[in-house]
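Biologist: Could you walk me through this one, please? I'd like to go piece by piece.

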Amino acid sequence: MSVIRADDLISSIADALQYISYFHPPDYIRALSAAYAAEESPAAKDAMAQILINSRLCAEGQRPICQDTGIVIVFLKVGMDLRWDSELSLQQMVDEGVRRAYTDPNNILRASIVAPPFGERRNTGDNTPAIVHTELVPGKTLEVQLAAKGGGSENKSRFAILTPSASIVDWVLEQLPSMGAGWCPPGILGLGIGGSAEKAMLMAKAAINEPIDLHELKARGPSKAIEAMRLELHEKVNALGIGAQGLGGLTTVLDVKIQTFPTHAASLPVALIPNCAATRHCHFTLDGSGPAQLEPPSLDTWPEIAWDAAAGARRVDLDQITRAQIETWQPGERLLLSGKLLTGRDAAHKRLVDLLERGEPLPEGVDLTNRFLYYVGPVDPVRDEVVGPAGPTTSTRMDRFTDPLLERAGLIGMIGKAERGPEAIDAIRRHRAVYLIAIGGAAYLVSKAIKSARVIAFEDLGMEAIREFEVVDMPVTVAVDTKGVSVHETGPRQWRSRIAEIAVKVE
């Protein structure tokens, strides 16, 4: 009989969470490298280059791939013949592992979990508790499947109970455009089909942690209905032309993973959960002989990419910016930003708008007149860093606050990731402002452009506090210009048409 010691599980969880924070799964790097080599869209190719370069930097520097270091999801298969040497519950052991990982002074990970989920929503400070799923199975080992799931992709999850005769493929294709780019494609789609509502969601979540093998399936051809559906969805989703970061291109998904379970004759539950460009997961087994040993991937896994941030980009001095200057910027144009910008996310936005509505002054140091606001909640710095990985968060969450900040506070520009909704685009157009994007999944690379950082307001909000960054050559792309033209609409539309033309020629 195997005896699993509490500290072996705790230390294994902590080590694994550190490991996946800076090591992409090699299968993801290989699949993204192949997509990068084949990509014909300049904007999408640039985005993939930044993601791949960021990934290698993180592997070398052992710092987080993304500033959103995720909510921890753990699937445990507990052998019925093993024995525990612990006075803690499984949940307590996992949470202690999470706590150790996220507070490790050598690689601090961002704490993103808030409790309670509505109302006060105070950060728990150490990213606990984790979400733990447990299954009792024959045997005497403990199998652990662990993931850190970012909020941007988690928020794009979809679920429906279709009629038994409905087309699952058609339903998925209806969902993708409405999911936008907030889930940071290119990534993986997980589908759970059958069971009950909660079973379908659980299968979809587990599916995205399976190895990427679409290229092998494509080479040998499908032998069963699930494999045929995977191939069909892969082809048809990519034909939508959404592309990397929603900029338009050939590759939106690298793989589609599907799990199924028998269901009620009257039902067809279907869950869809995407995994982002910062996909993070690993598997290990404990047999009582000690903690898990995780071998670092070879740096040869990463491709050598020559990327020049300045090539074709316009340099912008944020400290001298004028409304006349931003009027000349075009959708899809690449910029390199230097100077001072402020940061803010959901909680800070709400406080700012509440102050404006009450006619009260903004906090000292928060003057938004002719300024740019970066939607980011960075990781804490370690060693000689001025800030940790600091990639953009999904911008649509700030849409409801956009008009008052543009109209009453004098803001002229915003930086985030993914598309803006109609409400925000209308406000941008009316106030002749602009919206720029940094690349989601390139947080460590972006942080290299930040030369100083200081908290200037709402320090109690932790990672959501307002900071002032001094940046030098921070790479961004114009996503919505002063006329309200959005590259997230024009790019996919252009590439959807081009992909259709390519398909016709092939036929």
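Biologist: Over residues 288–490, how much of the chain is helix and strand, and how far apart are the end C-alpha atoms?
Modeller: Keep in mind that this is a predicted model. An unreviewed UniProt entry annotates residues 288–490 as "domain: Fe-S hydro-lyase tartrate dehydratase beta-type catalytic". Over that stretch the chain is 22% helix and 24% strand, and its end C-alpha atoms are 56 Å apart.

Biologist: Okay, helix 11 next: what should its 12 residues span?
Modeller: Helix 11 runs over residues 346–357, and each residue counts for 1.5 Å. The end C-alpha atoms are 16 Å apart, which agrees with the expected span of 16 Å.

Biologist: Which residues of helix 11 are buried, and where around the axis do they sit?
Modeller: The buried ones are Ala 348, His 349, Leu 352, Val 353, Leu 355 and Leu 356. They cover an arc of only 155 degrees around the axis, so they all sit on the same side of helix 11.

Biologist: And what covers those buried residues of helix 11?
Modeller: Just after helix 11 comes Gly 359, with a positive phi of about 75 degrees, but that isn't the cover. The cover for the buried residues includes strand 15 (372–374), helix 12 (399–408) and strand 19 (466–480).

Biologist: Now helix 4: which of its residues are buried?
Modeller: Helix 4 takes in residues 90–102, and its end C-alpha atoms are 18 Å apart, which agrees with the expected 18 Å. Among the elements covering its buried residues are helix 1 (6–22) and strand 2 (71–79). The buried residues themselves are Met 93, Val 94, Asp 95, Gly 97, Val 98, Ala 101 and Tyr 102.

Terms used. Residues numbered from 1 in each chain as written. Predicted model: local features only at pLDDT ≥ 70, side-chain atom pairs only at ≥ 80, totals over all residues. Heavy atoms only, no water. UniProt positions renumbered as here; feature names shortened; annotations may be inferred. Helix = DSSP H or I, 4+ residues; strand = E, 2+ residues; numbered from the N terminus. Expected span 1.5 Å × (residues − 1). Buried < 20%, exposed > 50% of the residue type's maximum accessible area, 1.4 Å probe, protein only. Contact = heavy atoms within 4.5 Å. Arc of directions from axis to C-beta.
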